[in-house]
Amino acid sequence: MSKEKLSREAIAMRIAKEFFDGAVVNLGIGIPTLCSSFVPEGMDVTYHTENGALGFGRVVTQEDMDKYADIDLTNAGGQYVYPKPGMSFFSHADSFAMIRGGRVDISVLGVLEVNDKGDLANWMFPGRGVGNIGGGMDLAFCAKRIIGATEHVTKDNKFKIVKNCSIPLTAPHCMDMLVTDIAVIKFTPKGLVLQEIAPGWTPAEVQELTEPKLIVPADLKEIELL
Amino acid sequence: MAINKIFASYKDAVADVKDGSVIFIGNFAGPGGTPFYLIKALRDQGAKNLTIVANTAGGIGLTLDYDDHRILFQNHQVTKVIASFPFSTSPKRPSDAEKQIVAGEVELEMVPQGTLAERIRAGGAGIAAFYTPTGPGTVIEEGKERRYFNGRPHLLEYGLRADFALVRAWKADTKGNLIFRGTQRQFNPMMAMGADITVAEVDEIVEPGEINPNCVVVSSIYVKRIVKVSENPGFPRHLETDFQVKGELE
């Protein structure tokens with residue numbers, strides 16, 4: 001009875017539907033980076049990266065590596081990106097001034113654990129006792145809207161959506177939305193609202209993989225990618 | 001008489017680093033903007049008990065594997081590191097810093113990246129401390145003053161200064177004005193401002209007047225020493241372009 005789950009690309013596609021014309025978006029490493037491939041043609045989204053660039057292009061394709069790969073033009077994951085007309089460069093101090101100053105509309109972050117209060121934990125490597133806070137904490141505290149991108153449960157089927165986070169927090173009460181491989185969940189003052197569900201799944205099945213109680217609204221929809 | 005800031009060798013440029021110094025090192029996730037050759041010279045120079053302030057603790061290997069300030073840890077020259085991203089992302093390849101931090105040989109102060117950048121900026125700008133909204137309610141708050149502004153909690157963070165800054169830039173003029181190429185800039189400008197002695201490793205040194213004064217990023221007064229890179233480290237780079245493009249490439 002293994003049901004179909006959304007691929008990493010499909011999660012990214014669903015998140016990209018949240019972007020809008022004029023949005024300034026910061027994408028974390030992993031699934032979040034994939035979102036840039038699914039922005040509708042003609043939509044004007046400006047990407048921000050911690051290491052001091054705004055308005056750069058996509059990740060350089062394998063065929064273009066010889067011509068465009070350049071260590072002086074990368075995203076926060078160290079990937080090469082294309083130059084684009086209208087982009088700008090700035091220092092790290094300016095880059096985080098933009099984040100703290102409320103200029104980043106959407107930050108898409110990876111997730112290790114979230115709880116129903118909207119606390120996010122994503123920086124400590126599980127089982128290793130160490131981790132990297134990096135730029136994620138500033139983003140989680142200060143970007144206008146935080147969207148989490150993750151598989152619904154861990155590889156060994158443990159809860160990632162928990163009652164109490166067991167690892168150190170990135171930021172308390174920061175989450176707005178979570179897109180997993182089986183559900184879209186909204187964080188509200190009343191708790192977690194199951195807004196959308198993957199095709200073929202029932203709310204009870206999603207609840208089984210979610211530790212805190214999910215609120216199931218009357219207008220629950222199937223996840224649509226396009 | 002004009003002061004000569006041009007140093008013939010990396011070795012000469014770091015010869016007077018003393019044991020116990022605080023060192024800023026320009027660095028982010030990849031090799032861009034990292035002063036490799038000054039770092040190697042500091043390794044060879046051998047100063048001990050250093051406090052390193054950099055985004056990483058070296059050797060994180062996100063996309064490329066290369067020698068950055070990890071060699072200072074390999075050579076056991078570091079007793080403290082202040083960084084936002086100190087550990088390798090691969091559990092199979094823990095960095096030298098990670099091993100030494102876990103073993104208690106090196107003290108780690110982990111700082112959120114934006115707070116790190118602002119602490120360095122503040123140090124250079126004569127600001128002793130500032131309140132930031134990043135960190136309340138997390139491990140970062142431990143031992144810090146919390147204060148509310150407009151109902152929102154903030155933490156008191158202190159400015160950081162260094163004895164030396166090792167920075168990477170694209171071009172310098174002989175007076176010390178610096179410009180940067182693309183995302184090479186990252187922490188380098190604030191680090192240049194916040195150290196007693198800033199040493200810049202650059203691709204090109206030009207005469208005064210050749211850098212457009214409208215485009216100078218770091219003003220000459222912050223830079224004491226300049227060394228030109230003549231080696232080719234072999235990373236992908238196209239120095240014939242400055243990333244100014246007209247029309248879409250994709």
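Helix H2 of chain B has quite a few neighbours over its buried residues: among the elements that cover them are helix H1 (10–13), strand E1 (22–25), helix H3 (70–74), strand E8 (162–173), strand E10 (195–206) and strand E11 (225–228) of chain B. Helices here are DSSP runs of H or I with at least four residues, strands are E runs of at least two, and both are numbered from the N terminus. The model is predicted, with local features needing pLDDT of at least 70 and side-chain atom pairs counting only at pLDDT 80 or more, while totals for chains, interfaces and linings use all residues. Residues are numbered from 1 along each chain as its sequence is written, and chains are lettered from A in the order in which they are written.

So which residues of H2(B), spanning 36–45, are buried? They are Phe36(B), Tyr37(B), Leu38(B), Ile39(B), Ala41(B) and Leu42(B); buried means that 20 or more other C-beta atoms, placed from the backbone, lie within 10 Å of a residue's own. Right after H2(B) comes Gly46(B), with a positive phi of about 90°.

Now over to chain A, which has six helices and 14 strands. Its radius of gyration, taken over C-alpha atoms, is 18 Å, close to the 17 Å from the globule rule (2.2 Å times the number of residues to the power 0.38) for 226 residues, so chain A is as compact as a globular protein of that length. Buried residues make up 50% of those 226.

Finally, the two chains meet: 48 residues of chain B and 45 residues of chain A take part in the contact (C-beta atoms, placed from the backbone, within 7 Å). On the chain B side, H5(B) gives the most, with five residues.

Notes
A residue is buried if 20 or more other C-beta atoms lie within 10 Å of its own, exposed if 12 or fewer, and partly exposed in between; C-beta atoms are placed from the backbone.
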